[in-house]
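Open the structure in your viewer and keep the selection tool at hand. Each stop below tells you what to select and what to look for there.

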There are 2 protein chains.
Amino acid sequence: MKLTPTVERCVLHWGEMAGRWGISRSVAQIHALLFLSPTPLTADDIAETLNVARSNVSVSLKELQAWDLVNVTHVLGDRRDYFQARKDIWEVLKTIVDGRKRREIDPTLQMLRETVGQAKQDAETPQEVKDRIANMLEFLEEMSNWYEQIRDIPRPTLLKLMRMGARVAKVVG
Amino acid sequence: MKLTPTVERCVLHWGEMAGRWGISRSVAQIHALLFLSPTPLTADDIAETLNVARSNVSVSLKELQAWDLVNVTHVLGDRRDYFQARKDIWEVLKTIVDGRKRREIDPTLQMLRETVGQAKQDAETPQEVKDRIANMLEFLEEMSNWYEQIRDIPRPTLLKLMRMGARVAKVVG
DNA sequence: CGTAAATTTCAGACATTCCTGAAATTACGA
DNA sequence: TCGTAATTTCAGGAATGTCTGAAATTTACG
């Protein structure tokens, strides 16, 4: 399967950004390909189109499925799995941010809570330092709670809010 | 220099999270140490405390300075550089998010703009695919603009907005 | 200047992550 | 149940990223 220049460009760019996004090149390219593809693709289609090992495609697809960014469909009379990516970009964003929060923020929140608890029995550490840790915990909790709330606001409302931009500030004076 | 258990725990945790945050362990540990330290530290202090090579500290500090998370101060009658981290957690967050946006989002925005422009001369690519790309560009522009606006709202206002949580939604019906 | 402390550079050791290809496993139809 | 297509597992090679220690450079002061 040959890609059109436009699609090829996107796939290659996704691949280049993969490092910065903290995922592997293959996963990024496969996701780009599936996201843009008008129809579901088999693993072989993907391996051939992107010139990567078939086994690599298998592992990468598992990862994308674990992220809930890709799911499997089937075609009548064909045993092979067909893969398609979620096309709704809001859902994709939410999925990615949820994942990052879970892996990058939540463990630190957890650790800070424990640390603040234990710090009370720690006479060695200056109060100033304890305060800074407690302050950081409070801040992260606040951000975390905020995200949990706004992530469930219905999409049209969220869009309106976003388009208001800085003017929402007037609401609270 | 010996760390108190509380501080040691934070430093080690920062180091462990480094991978997930897309930075090196050394950079993360040094930042944690400086962020919690009540006083500025010399590069030698840091190397000794964390048991890492002096040269590693030098490179890591350069990186933290490039991120604008750490700056240099001096002590009268001492030639050595003393390093301190920004202590204001809002500023730290803004700095980090700005950096991530610049490195992870802006290049893609740029690429999508170019691609959408070029796609007009591309008869091969189905309209549906072009639309999806244009749609993605629009979405990212919207998010990007939104961030640029709210990042400059004064902190107390932002805090109030955050504490309103989902109730802001009522404002726009 | 000269020199000694402080800092930086950098080659290569080490560690980690990613990818491949062969082999094993699973799923399906005859 | 057998044979074949489809998929997955996994050992090891390739590529990348990180850290060290020695050497080079810069800086401050006599």
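The tour goes from the two protein chains to the DNA strands, then to a sheet and a few single residues.

**Stop 1: the two chains together**

Bear in mind throughout that this is a predicted model. Colour chain A and chain B separately. A rotation of 180 degrees, with 0.0 Å of shift along its axis, places chain A on chain B with an RMSD of 0.1 Å. In general, two copies of a chain are related by a rotation about an axis and a shift along it. Here that relation is the one of a two-fold axis. To find the axis on screen, select G22(A): within chain A, its C-alpha is the nearest to the axis, at 3.3 Å.

**Stop 2: where the chains touch**

Now select the contact between the chains, to which chain A gives 50 residues and chain B gives 51 residues. Which helices of chain A each supply at least two residues to the side that touches chain B? They are α1 (5-21), α5 (89-119), α6 (127-150), α7 (155-164) and α8 (168-171). On that side of chain A, the largest share comes from α6(A), with 12 residues. Colour this side of chain A by residue type and you should find 27 nonpolar, 13 polar and 10 charged residues. The same surface serves both copies, since 100% of the contact residues of chain A recur in chain B.

**Stop 3: DNA strand C**

Select DNA strand C and the 19 residues around it. The ones that come nearest are A53(A), S55(A), N56(A), S55(B) and D81(B). Next, highlight the elements that give two or more residues to this surface: α2 (25-36) and α4 (54-66) of chain A, and α3 (43-50) and α4 (54-66) of chain B. Which element gives the most to the surface near DNA strand C? It is α4(B), with four residues. By type, the surface near DNA strand C has four nonpolar, eight polar and seven charged residues.

**Stop 4: DNA strand D**

Move to DNA strand D, which 19 residues surround. Label the closest ones: S55(A), D81(A), A53(B), S55(B) and N56(B). The elements that each supply at least two residues to the surface near DNA strand D are α3 (43-50), α4 and β3 (78-85) of chain A, together with α2 and α4 of chain B. At DNA strand D, α4(A) gives the most, with four residues. The surface near DNA strand D divides into four nonpolar, eight polar and seven charged residues.

**Stop 5: the sheet of chain B**

Hide chain A and show chain B as a cartoon. Look for an open sheet of three strands in the order β1-β3-β2 (chain B), with antiparallel pairing. Its edge strands are β1 (41-42) and β2 (70-73) of chain B, each of which pairs on one side only. Strands of a sheet pair through backbone hydrogen bonds, so display those bonds in your viewer. β2(B) is joined to β3 (residues 82-85) of chain B by four bridges. For one pair to click on, take T73(B), whose bridge partner in β3(B) is Y82(B). Then add helix α2 (residues 25-36) of chain B, which packs on the sheet and touches β1, β2 and β3 of chain B. The direction of this α2 helix makes about 85 degrees with that of β3(B).

**Stop 6: single residues**

Select R54(A), in helix α4 of chain A. Is R54(A) buried or exposed? R54(A) is exposed, because 11 other C-beta atoms lie within 10 Å. Setting aside neighbours within four places in sequence, R54(A) is in contact with A43(A), D44(A) and A47(A). Draw a line from R54(A) to A43(A): the two are 11 residues apart in sequence and 7.1 Å apart in space, C-alpha to C-alpha.

In the loop between α3 and α4 of chain B, select N51(B). N51(B) is not a glycine, yet has a positive phi of about 55 degrees. With 7 C-beta neighbours inside 10 Å, N51(B) counts as exposed.

D68(B) sits in the loop between α4 and β2 of chain B. D68(B) also has a positive phi, about 65 degrees, although it is not a glycine. D68(B) is partly exposed, with 14 other C-beta atoms within 10 Å.

Finish at E114(B), in helix α5 (residues 89-119) of chain B. E114(B) counts as exposed, with 12 C-beta neighbours inside 10 Å. Zoom out to see E114(B) and P5(B) together: they are 109 residues apart in sequence and 53 Å apart in space, C-alpha to C-alpha.

Conventions
Residues are numbered from 1 along each chain as its sequence is written. Chains are lettered from A and ligands numbered from 1 in the order in which they are written. This is a predicted model: local features need pLDDT of at least 70, side-chain atom pairs count only at pLDDT 80 or more; totals for chains, interfaces and linings use all residues. Two strands pair if DSSP finds at least two bridges between them. Two residues are in contact if their C-beta atoms, placed from the backbone, lie within 7 Å. Axes are lines fitted to C-alpha atoms, for helices over the stretch in contact, and angles run from 0 to 180 degrees between N-to-C directions. A residue is near a molecule or strand if its C-beta atom, placed from the backbone, lies within 6 Å of it. Ala, Val, Leu, Ile, Met, Phe, Trp, Tyr, Cys and Pro count as nonpolar, Asp, Glu, Lys and Arg as charged, and the others, Gly among them, as polar. Copies are superposed by least squares on the C-alpha atoms of residues with pLDDT of at least 70 in both. A residue is buried if 20 or more other C-beta atoms lie within 10 Å of its own, exposed if 12 or fewer, and partly exposed in between; C-beta atoms are placed from the backbone.
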